[in-house]
Amino acid sequence: MNKSTKIVIGALLFAAIPAAVGFHVGSQGAKAAKYQNQAIVQMSQGNYEQAAFDYTKAITLKPNEAHLYSNRGDIYKQMGYFQLAIFDYSQAIKLSPIRKHYEQRAKLWDDLQEQDKANADRKVL
């Protein structure tokens, strides 16, 4: 299977996710899902700036969706924008305080050699 085929298959698989997480309600949800899917494709192609931009558009439409912040945080981390990643992980935690979001932020705190902050996040886990 070549890279283009994998990208198309991946985009098709991720197209089903928005309906499963509540994006199917209203035109704003549909637009947010479109931007999220675009971001996933852009990220798979290594176009991180465009992926972050697409996630920002999705967040503007659906600001209470924690996974959008979490995913954009991953992109910011990949790009080296660590403070933006911390902000997004913190927003994700605020909206949905689940293990994954705390782990993401703790790992980034580790990378930044902020052990006290990483340990504080791990205590919540």
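Let me begin with one term: a residue is called buried when its relative accessible area is under 20%, and exposed when that area is over 50%, with partly exposed covering what lies in between. By that cut-off Ser70, at 0% relative accessibility, counts as buried, and I will come back to this serine in a moment. Please keep in mind throughout that what we are looking at is a predicted model.

First, the overall picture. The chain has eight helices and zero strands, so that, reading from the N terminus on, the elements run α-α-α-α-α-α-α-α. Of the 125 residues in the chain, buried ones make up 38%. If we take the contacts in the chain with a separation of 6 or more, 38% of them are between residues 24 or more positions apart. The accessible surface of the chain comes to about 7,300 Å², and 55% of that surface belongs to carbon and sulfur atoms.

How far does the predictor trust this model? The mean pLDDT of the chain is 86, and 79% of the residues reach 70 or more. Over residues 2-24, however, the pLDDT is below 50, although this stretch has 28 contacts in the model beyond near neighbours in sequence.

Now to the interior. The largest nonpolar core has 22 residues, and those that touch the most other members are Tyr55, Ala58, Leu68, Ile75, Ala85 and Leu108. At least two residues of this core come from each of helix H3 (26-44), helix H4 (48-61), helix H5 (66-79), helix H6 (82-95) and helix H7 (99-111). Which of these helices gives the most to the core? That is H4, with six residues. To take one member of the core, Ala58 touches Ala32, Tyr35, Gln36 and Leu68, if we do not count residues up to four places away in sequence.

Let us return to Ser70, which lies in helix H5. Leaving out residues up to four places away in sequence, Ser70 touches Tyr89, Ala92, Lys100, His101 and Gln104. One of those partners, His101, is found in helix H7 and is itself buried, with a relative accessible area of 4%. With the neighbours within four places in sequence again set aside, His101 is in contact with Ala66, Ser70, Tyr89, Ala92, Ile93 and Ser96.

Tyr69 is also found in helix H5, and with a relative accessible area of 8% it is buried. Not counting residues up to four places away in sequence, Tyr69 touches Ile59, Pro63, Asp88, Gln91, Ala92 and Leu95. The C-alpha atoms of Tyr69 and Tyr89 are separated by 6.5 Å, while the two residues are 20 residues apart along the chain.

Several of these partners bring us to helix H6, where Ala85, Ile86, Asp88, Tyr89, Gln91, Ala92 and Ile93 are buried. What covers the buried residues of H6 includes H5 and H7. We can also check the length of this helix: at 1.5 Å a residue, the 14 residues of H6 should span 20 Å, and the end C-alpha atoms are 20 Å apart, which agrees.

How many aromatic pairs does a search of the whole structure find? It finds one. The rings of Tyr76 and Tyr81 have their centres 6.3 Å apart and their planes at 65°, so this pair is edge-to-face, given that planes over 60 degrees apart count as such. Of the two partners, Tyr76 counts as buried at 13% relative accessibility, whereas Tyr81, with a relative accessible area of 39%, is partly exposed.

Finally, let us move towards the C-terminal part of the chain. Tyr102 has its place in helix H7 and is buried, with a relative accessible area of 12%. Apart from residues up to four places away in sequence, Tyr102 touches Ile93, Pro97, Asp121, Val124 and Leu125. Its C-alpha atom and that of Ala118 are separated by 9.0 Å, with the two residues 16 residues apart along the chain. In the loop between H7 and helix H8 (115-124) we find Gln113. Is Gln113 buried or exposed? At 69% relative accessibility, Gln113 counts as exposed. The phi of Gln113 is near 60°, which is a positive value in a residue other than glycine.

Note on methods:
Residues are numbered from 1 along each chain as its sequence is written. This is a predicted model: local features need pLDDT of at least 70, side-chain atom pairs count only at pLDDT 80 or more; totals for chains, interfaces and linings use all residues. Side-chain values use heavy atoms; hydrogens and water are left out. A nonpolar core is a set of buried Ala, Val, Leu, Ile, Met, Phe, Trp, Tyr and Cys residues joined through side-chain atoms within 4.5 Å. Buried means under 20% relative accessible area, exposed over 50%, partly exposed in between (1.4 Å probe, protein chains only). Helices (H or I, at least four residues) and strands (E, at least two) are DSSP runs, numbered from the N terminus. Contact means heavy atoms within 4.5 Å. Rings of Phe, Tyr and Trp (its six-membered ring) pair if their centres lie within 6.5 Å; planes under 30 degrees apart count as stacked, over 60 as edge-to-face and the rest as tilted. Accessible areas come from the Shrake-Rupley method with a 1.4 Å probe; for residues, only the protein chains shown count as cover. pLDDT is the predictor's confidence in each residue, from 0 to 100. The expected span of a helix is 1.5 Å times one less than its number of residues.
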